[in-house]
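Colleague: Please take me through one part of this model in detail. I would like to look closely at the second largest pocket and what surrounds it.

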Amino acid sequence: MNDPTGTTTVHQHSSPSLDPDNILPEDRILVLDFGSQTAQLIARRVREQRVFCQLVRHNLSAERIAELKPKGLILSGGPASVYGDKSPQPDPAIFDLGIPILGICYGMQAFCQALGVKVEPGLSREFGRTRLQVVQPEELLRDLPDEFVAWMSHGDQVQSLNEHFETLAVTSTCPAAAVKHKTKSIYGLQFHPEVTHTAGGSQILANFVNNICGCRGTWTMSSFIEKEITAIRNRVGDKRVICGLSGGVDSSVVAALLAKAVGTQVSCIFVDNGMLRGGERDEVERRFTEHFKTDLHVVDARNLFLDALANVVDPQEKRKTIGRLFIDVFRNEALSIPDAQFLAQGTLYPDVIESGSNVDGPSATIKFHHNVGGLPAELGFDLIEPLRDLFKDEVRQMGLELDLPDDLIWRHPFPGPGLAVRCLGAVSEDRLKTLREADTIFIEELRAEGLYRAVQQAFVVLLPVQSVGVMGDDRTYENAVALRAVQTDDFMTADWYPLPHDFLSRVSTRIINEVRGVNRVVYDISSKPPSTIEWE
Ligand code: XMP
């Protein structure tokens, strides 16, 4: 179903925080998403100008766009060719709305075609950095050098303009690298200003958003928080809100926001599924009492999960078992709370976009993820999703403004199925204990060495392998563990991190000396792809 912004979503209940006339700031830019890998990045870059920006479907009607009152439209790039059978097209009426438009790559070709400029089919793709010469340093290219490096990725291109358009910049192979309509506020770029390889890309977007669209740059996190708080108060009234806590950043930020908005009407539920890391449950309880002072329900379901997982070896089965049990346990606890009408979830903007804008059909399922954010609509609560307009780094910023501690804000993500997918093969209490102890040492040492923030995720994996060792004069035949530490921007791809040898050596010595049952430590030097971050 669609939310009021026109962003396609899969959620049953959409938050009134998206009501364009209620909470959103009036200066808003919409990105019409033609399927580019960098469409989200455009939104991020515009938000860096303190202007609120959202992705919408490429074919959102001009009527709906007019209702949303954006100050500007950006037509993103996309993988299609305007010559393709079903090439995505914008509603042609958007060119008469009088709202400034910036077309990027395919977005430019799409409006050129719609406005009578011939787009030549590409004989080969141009991909990578290219030098651009500015011909007319007017509004869009103001304050940029005469020549700069831009990043291209296209096949088709415009060779010659018609009488309505003029050229702003060229490259040696592209005579219309930046163009402008002579009478309307319509601009096009054959290159991508949103990627960092384009020197001055941010300046170009700033010129569009500020000078051409007239945005005032007033979107700040504190104003966003204030508006969210008002929206939550109005919506919740005197009812009760339930919030699932996972111990991670997103659910903690949601809890902090709710606590601020409707403090005593919030009940948080934390399920101990027995797959948590060392000290995690105590940590969540301690933090909670320090920071939120609202009702907390800790459900001890360790035995239930352990029993259900006793003979489960297949990773997907583990995930499904944990996901199913989690929903049961959560539902039972939630239903025991009187007056509960709302359920708050830490859904983020990329989740909303990814679950809805699958232009080419679903991509291959590599792992069937389960997390706290994924409670089904059948639970019967009305959803509150206060983070659904935010990117991850904006959530962190919100957390900082809500006074959450630094170490929580920068905590590595932890998968919903927890240690079950790091304890390869069957899960048992003993094996989990071994894994927990080794993991605690690794993380402790990373923090002590100041390396915790240099990597985005680090953990220990308990292998289903026993190997021979020697301790004192005795032969041992015990477990092997693997250390994993990766650097990544988005967790879709990742590189293994070159931890210093002396550091690895110290961690290995400590684990083998201090954790009973481990006599071998290896370091995982695989990147994603072809490996994944988790081993299961
Ligand atoms: P992979 O292993 O797919 O992991 O490279 C990418 C990111 O996703 C996390 N992950 C999960 N998160 N439920 C979750 O909530 C899951 O089932 C799950 N599996 C992997 C993983 O920790 C990494 O951050």
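Modeller: One term comes up below: a residue counts as exposed when its relative accessible area is over 50%. Keep in mind that this is a predicted model.

Start with the domains. The assignment gives domain 1 (27-212), domain 2 (221-409) and domain 3 (422-523). The centres of domain 1 and domain 3, taken over C-alpha atoms, are 48 Å apart.

Now the pocket. The second largest pocket holds about 550 Å³ of space. Its lining has 27 residues, and the closest to its centre are Arg 277, Gly 278, Glu 283, Arg 411 and Arg 447. Four elements each give two or more residues to this lining: helix 7 (280-291), helix 12 (406-409), helix 13 (429-448) and strand 17 (457-471). Helix 13 gives the most, with six residues.

Where does the pocket lie? Domain 2 (221-409) and domain 3 (422-523) both give residues to its lining, so the second largest pocket lies between them.

Next, the kinds of residue. The lining of the second largest pocket has eleven charged residues, nine nonpolar and seven polar.

Finally, go back to helix 13, which contains Ala 448. The relative accessible area of Ala 448 is 65%. That value is over 50%, so Ala 448 is exposed. Compare its position with that of Val 254. Ala 448 and Val 254 are 194 residues apart along the chain, and 29 Å separates their C-alpha atoms.

Terms used
Residues are numbered from 1 along each chain as its sequence is written. This is a predicted model: local features need pLDDT of at least 70, side-chain atom pairs count only at pLDDT 80 or more; totals for chains, interfaces and linings use all residues. Side-chain values use heavy atoms; hydrogens and water are left out. On a 1 Å grid over the protein atoms alone, a cavity is a set of points where a 1.4 Å probe fits but cannot get out, and a pocket is an open set with protein on both sides within 12 Å along at least five of seven lines; lining residues have an atom within 4 Å of a point. Grid points are joined across faces, edges and corners, and a volume is the space filled by probe spheres set on the points. Ala, Val, Leu, Ile, Met, Phe, Trp, Tyr, Cys and Pro count as nonpolar, Asp, Glu, Lys and Arg as charged, and the others, Gly among them, as polar. Domain bounds come from an automatic or database domain assignment. Buried means under 20% relative accessible area, exposed over 50%, partly exposed in between (1.4 Å probe, protein chains only).
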